[in-house]
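Colleague: I'd like to learn how to read a model like this one. Could you take me through some features, one at a time?

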Amino acid sequence: MNGTCQTCGTSAPIEWFLSETEHRQICAVLVKLPKEIQAVIFHYLALFKPTTGRAIQAKKASRLMAEINEMVTAGHIQVDRKVARPCPPRLWAQAMEQMIERRDRLSLPMPNHNYLKSIAWDLADQADAQAERTRSQAPARTVSNARMPESILNPLDQYIQGLRDTKPSDEEMAEWKEKQLR
């Protein structure tokens with residue numbers, strides 16, 4: 001299988017492009033990432049590209065991807081001592097997409113993932129608030145379906161609710177009423 005250099009267009013066996021340890025590490029981290037992140041990761045990493053126009057160093061790209069993998073697999077986000085929020089991969093991907101869209105308004109190259117974390121936390125906070133609204137709007141459980149303890153129910157009610165197999169006799173009903181009056 002051949003690979004093609006994105007810069008010069010050179011075509012060569014894919015193994016040539018993976019000859020450096022860092023390139024192999026990048027591939028290893030890439031396959032661990034959720035598919036939502038895989039779709040945007042290289043566009044996001046371009047935000048770290050030096051202003052000189054040179055390509056991002058493989059060692060730096062490997063480190064950045066490992067950091068992203070660690071953040072995404074944590075399953076939550078917490079920034080600036082704010083409450084931790086659940087943060088699934090789709091929210092991380094949305095945060096990366098927002099940064100890519102705002103590329104011309106960002107101060108490039110990005111020094112770290114702090115801005116990504118901030119956006120991801122905002123998205124996670126919004127999602128958590130929406131989930132809370134949905135939970136609070138769920139219909140309340142009714143108490144009418146709750147069963148009363150057998151000791152409170154009269155024998156006829158026990159029969160009706162299926163707590164008793166046989167219908168009570170008149171004597172049993174009279175005896176129950178007498179106990180209740182005492």
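Colleague: Where is the place of Arg 85?

Modeller: Arg 85 lies in strand S4. Keep in mind that this is a predicted model.

Colleague: Which side chain does the side chain of Arg 85 make a polar contact with?

Modeller: For a polar contact, look for a pair of N or O atoms within 3.5 Å. Here the side chains of Arg 85 and Asp 128 make one, at 3.0 Å. Leaving aside residues up to four places away in sequence, Arg 85 also touches others, including Gly 75, His 76, Trp 121 and Ala 124.

Colleague: Trp 121 caught my eye. What sits over its ring?

Modeller: That is the charged end of Lys 82, which is 4.5 Å from the centre of the Trp 121 ring. Trp 121 is also one of the buried residues of helix H7, along with Leu 116, Ile 119, Ala 120, Leu 123 and Ala 124.

Colleague: What covers the buried residues of H7?

Modeller: The cover includes helices H4 (41–45), H5 (58–74) and H6 (89–101), together with strands S3 (76–77) and S4 (85–86).

Colleague: How do I check the length of a helix such as H7?

Modeller: Use the rise of 1.5 Å a residue: the 23 residues of H7 (residues 114–136) should span 33 Å, and the end C-alpha atoms are 33 Å apart, so the two agree. You can repeat this for H6, where 13 residues reach 18 Å from first C-alpha to last, close to the 18 Å expected.

Colleague: Which residues are buried in H6, and what do they pack against?

Modeller: Leu 91, Trp 92, Ala 93, Ala 95, Met 96 and Met 99 are buried in H6. They pack against helix H3 (35–38), H4, H5, S3, S4 and H7.

Colleague: How many residues does the largest nonpolar core have?

Modeller: The largest nonpolar core has 33 residues, and Ile 37, Tyr 44, Ile 68 and Trp 92 have the most contacts inside it. Helix H2 (21–32), H4, H5, H6 and H7 each give two or more residues to this core. Beyond its close neighbours in sequence, up to four places away, Ile 37 touches Ile 68, Val 72, Pro 89, Trp 92, Ala 93 and Met 96.

Colleague: And how many aromatic pairs does a search of the whole structure find?

Modeller: The search finds one. Planes over 60 degrees apart count as edge-to-face. The rings of Tyr 44 and Phe 48 have planes at 75° and centres 5.3 Å apart, so this pair is edge-to-face.

Colleague: Are Tyr 44 and Phe 48 buried or exposed?

Modeller: Both Tyr 44 and Phe 48 are buried.

Notes
Residues numbered from 1 in each chain as written. Predicted model: local features only at pLDDT ≥ 70, side-chain atom pairs only at ≥ 80, totals over all residues. Heavy atoms only, no water. Helix = DSSP H or I, 4+ residues; strand = E, 2+ residues; numbered from the N terminus. Expected span 1.5 Å × (residues − 1). Buried < 20%, exposed > 50% of the residue type's maximum accessible area, 1.4 Å probe, protein only. Contact = heavy atoms within 4.5 Å. Polar contact = N/O pair within 3.5 Å; in protein donor to acceptor, adjacent residues only side chain to side chain. Core = buried A, V, L, I, M, F, W, Y, C linked by side-chain atoms within 4.5 Å. Phe/Tyr/Trp six-rings, centres within 6.5 Å; stacked < 30°, edge-to-face > 60°. Lys NZ or Arg CZ within 6 Å of the ring centre and 35° of its normal.
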